[in-house]
Amino acid sequence: MNNSFVLRTAERLASRVQQESGGDPSRQVDRAFALAFSRKPDGDELQWATQFMHDHGLTALCRVLLNSNEFLYVD
Amino acid sequence: MKTAENHPVLLDRRDLFSWVRFGLGGAALTSLLERDGLLRAEPVAGEADDPPPHHMAKAKRVIHICAAGGVSQVDSFDHKPELEKLHGKSLVSDERPDVFFGKIGLLRKNDWQFKQRGESGLWVSDLFPHLAEVADELTVIRSMYAETSNHTPATFQENTGFRLNGFPVLGSWLSFGMGNDTDELPTFVVIPDTRGFAAGGSINWSNGFLPARHQGVVIRSKGTPIDDIFPATPMKQVTESASRELLAKLNKRHLDRRGQNDVLVARMKSYQLAAKMQMAVPEVTNLDAETQATHNMYGLGEEPTNDFGRGCLLARRMLERGVRFVQLFSGGAFGQPRINWDGHEDMIKNHGREAARIDQPIAGLLKDLRQRGMLNDTLVLFTSEFGRTPFTQSNADVVGKGRDHNQYGFSVLLAGAGLKQGLAFGATDEVGWKAVENRVHWHDFHATVLHLLGIDHERLTFYHNGIRRRLTNVHGHVINDLLA
């Protein structure tokens, strides 16, 4: 979560999401979830993530996704 | 979260409960911690089916000093006048000794002189002059034996009772059985030797089949205590806490979709613990907060004691803050160049070097724990994988300089809560080769340690692969003669 590699990767993911989905927050969250988890966020997740992104930015959101159990563990 | 600086701590409700729980025994410690503003943590429960205490506990916490390699009993705590007389003679035995490298040289007397120490008259050699000063605190088992003289499986057996890997170590069993007195630091902390990990590395602090949250957490005594505990590039505190909150929500949702899963839960808990450790670790690892007199006692700022002294002082600071079990390694992996207790080539050089690193720090630790009243309910253990041969590792007609591994007889030390002090228990044969009187297997040692902690070794179990597993397998007897 704190290692420089993870932080760099979060920045790279954020710029890719930005590039591929433009400026619309809910499209950004959709795209970030699609890239990280290969699925759409559910209603709650969309709301949590959008609010979080509004307060703390897209890179911070990408860092959280990269540290989630869903991203790290294959079913 | 409250910090010591901006919130002088009064006795709040939680502190009061904790004070009542630990009773008068904990009162001294409690007042110390309160003075330092450290009582803000909450206890973490264990998760055994049949939770301890099973009887009145004498000890609440443990420091285990693990000497990687084999410490020579005949040069340290097992005085053998007969060996001195037989120096340069062949071992008289009707069996050919089974040793690791297969070379059986002539008998070699102790390289360090033995003296009786303290009021107890306990025999301690000049290999450990500082430990000799606290001989009256020590309890020595001179009749230990192990099932192997191969480093890696011997280390497993020392810590898990089993020679194969995959079993939980003592620290993990205690974490599982007893929980922790703080939720801000790990229950089971490992402080490796600054020169490297013991053979097998992190497998030596494995939870085995116990839930993953019971594995040991490495905290270094030198350099960065824990890697990556803070972001590599600074981040706003509000973003940090919001990130962890979102992460917890996403992980919870993920877990709900999948049902209980030990690894996922352990990882979630590790984030909660890590957040608290961001606050607690810089404080606990700040050895500058200790007085110069304390630094001197542990040998800080001096060579060769600085590294291990820092580890011992760090261990004491963790115990004060509620950590259950701290394991300190003296020595790294086997091999060349030697960085552990493995005097195959030259005992004087090898043991002389290793003992000088740890002797004063361990003695300092014992004195410090005693003066703080902590030795009354803290157990200190000093063990190695096996012992060394009374004959040298050399050609048959030569008195060599080195000694080979010896699984058949060796000594371990205990100190602190609930033990008869200044006692030497059990005996090896006349040259110190094999344990012959009151022989003690690791299972017996483990059963006794658990007993002192209020645990019946037959009742601390975990169901795995069709068996209710124990630290002591289906063996182990508490050594009642050691108990005060």
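Which residues do ring pairs link into a cluster? In this predicted model, the cluster consists of Phe162(B), Phe167(B), Trp173(B), Phe176(B), Phe209(B) and Phe462(B). Two of these residues, Phe209(B) and Phe462(B), form a stacked pair, with 6.1 Å from centre to centre and 15 degrees between the planes. This pair brings together distant parts of the chain, its members being 253 residues apart. Phe209(B) belongs to the loop between strand 5 (188-191) and strand 6 (217-218) of chain B, whereas Phe462(B) is in strand 15 (residues 462-464) of chain B. With a relative accessible area of 11%, Phe209(B) is buried.

Over all chains, the structure holds 17 aromatic pairs. In chain A, Phe33(A) and Phe37(A) make an edge-to-face pair, because their planes stand at 90 degrees, with the ring centres 5.2 Å apart. Here the partners are close in sequence: both sit in helix 2 (residues 25-37) of chain A, four residues apart, and are therefore separated by about one helical turn. Residues three or four places apart in an α-helix point the same way, because the helix has 3.6 residues a turn. Both partners are also buried, Phe33(A) at a relative accessible area of 0% and Phe37(A) at 10%.

Aromatic rings of chain B also have a charged neighbour. Lys434(B) lies over the face of Trp433(B), at 4.6 Å from the ring centre, and likewise over the face of Tyr408(B), at 5.1 Å from the ring centre.

Attention turns next to the nonpolar interior. Nonpolar side chains tend to be buried together in soluble globular proteins. The largest nonpolar core has 54 residues, of which Phe128(B), Leu131(B), Met318(B) and Leu366(B) touch the most other members. Beyond its neighbours within four places in sequence, Leu131(B) contacts Phe77(B), Leu138(B), Asp359(B), Ile362(B), Ala363(B), Leu366(B) and Leu413(B). A second core, separate from this one, comprises 47 residues, among them Val190(B), Trp205(B), Val412(B) and Leu483(B).

Helix 1 (residues 4-21) of chain A offers a clear view of how burial follows a helix face. Its 18 residues reach 26 Å from first C-alpha to last, close to the 26 Å expected at 1.5 Å a residue. The buried residues of this helix are Val6(A), Leu7(A), Ala10(A), Leu13(A), Ala14(A), Val17(A) and Ser21(A). They line one face of helix 1 of chain A, because they fall within an arc of 120 degrees when seen down the axis. Their cover includes helix 2 and helix 4 (58-66) of chain A. On the face turned away from the buried side, helix 1 of chain A carries the exposed residues Phe5(A), Arg12(A) and Gln19(A).

The backbone, too, has some features worth a look. Pro52(B) and Pro53(B) are joined by a cis peptide bond with omega of about 5 degrees, and Pro53(B) is placed in the loop between helix 2 (27-35) and strand 1 (61-70) of chain B. Another cis bond runs from Gln336(B) to Pro337(B), with omega near -10 degrees; Pro337(B) lies in the loop between strand 7 (325-330) and helix 11 (347-371) of chain B. Positive phi values also occur outside glycine. Ser38(A) has phi near 55 degrees; this residue is in the loop between helix 2 and helix 3 (43-56) of chain A and is exposed, at 68% relative accessible area. Phi of Asn473(B) is positive as well, about 55 degrees. Asn473(B) is located in the segment after strand 16 (467-469) of chain B and is partly exposed, with a relative accessible area of 24%.

Conventions
Residues numbered from 1 in each chain as written. Chains lettered and ligands numbered in written order. Predicted model: local features only at pLDDT ≥ 70, side-chain atom pairs only at ≥ 80, totals over all residues. Heavy atoms only, no water. Core = buried A, V, L, I, M, F, W, Y, C linked by side-chain atoms within 4.5 Å. Buried < 20%, exposed > 50% of the residue type's maximum accessible area, 1.4 Å probe, protein only. Contact = heavy atoms within 4.5 Å. Phe/Tyr/Trp six-rings, centres within 6.5 Å; stacked < 30°, edge-to-face > 60°. Helix = DSSP H or I, 4+ residues; strand = E, 2+ residues; numbered from the N terminus. Lys NZ or Arg CZ within 6 Å of the ring centre and 35° of its normal. Expected span 1.5 Å × (residues − 1). Arc of directions from axis to C-beta.
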